[in-house]
Amino acid sequence: MSREQLLDMVKGEPLEAFDRSIDVHISRLRAVLEDNPKHPRRILTLRGAGYVFARAQDSDDAL
């Protein structure tokens, strides 16, 4: 989901130009859910699109 979609769902109003609160919330969620929040595997950022909640990705999956 995009930052705008998440904010609209939570606030029920249009996005303000510099509202980065979703980024802060995503960061906090990663701190709780991820083994290594600096290299997330569950809450992924898709540049220019938004965020995706994914299954944990193991390096063995590629084999």
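Me: How much area does the protein expose, and what share of it do carbon and sulfur atoms supply?
Reply: Accessible areas come from the Shrake-Rupley method with a 1.4 Å probe, and for residues only the protein chains shown count as cover. Here the protein exposes about 5200 Å², and carbon and sulfur atoms supply 54% of it. This is a predicted model, where local features need pLDDT of at least 70, side-chain atom pairs count only at pLDDT 80 or more, and totals for chains, interfaces and linings use all residues. Residues are numbered from 1 along each chain as its sequence is written, and side-chain values use heavy atoms, with hydrogens and water left out.

Me: In what order do the elements run from the N terminus?
Reply: Helices (H or I, at least four residues) and strands (E, at least two) are DSSP runs, numbered from the N terminus. In this protein the order is α-α-β-β.

Me: Is E34 buried or exposed?
Reply: Buried means under 20% relative accessible area, exposed over 50%, and partly exposed in between (1.4 Å probe, protein chains only). E34 sits in the loop between α2 and β1 (43–46). E34 is buried but has no salt bridge, a term for a side-chain nitrogen of Lys or Arg within 4 Å of a carboxyl oxygen of Asp or Glu. R30 is the nearest side chain of opposite charge, 4.9 Å away; Lys and Arg count as positive and Asp and Glu as negative, while His and the chain ends are not counted.

Me: Which residues is E34 in contact with, beyond its neighbours within four places in sequence?
Reply: Contact means heavy atoms within 4.5 Å. For E34, the partners are L29, P40, R41, R42 and I43.
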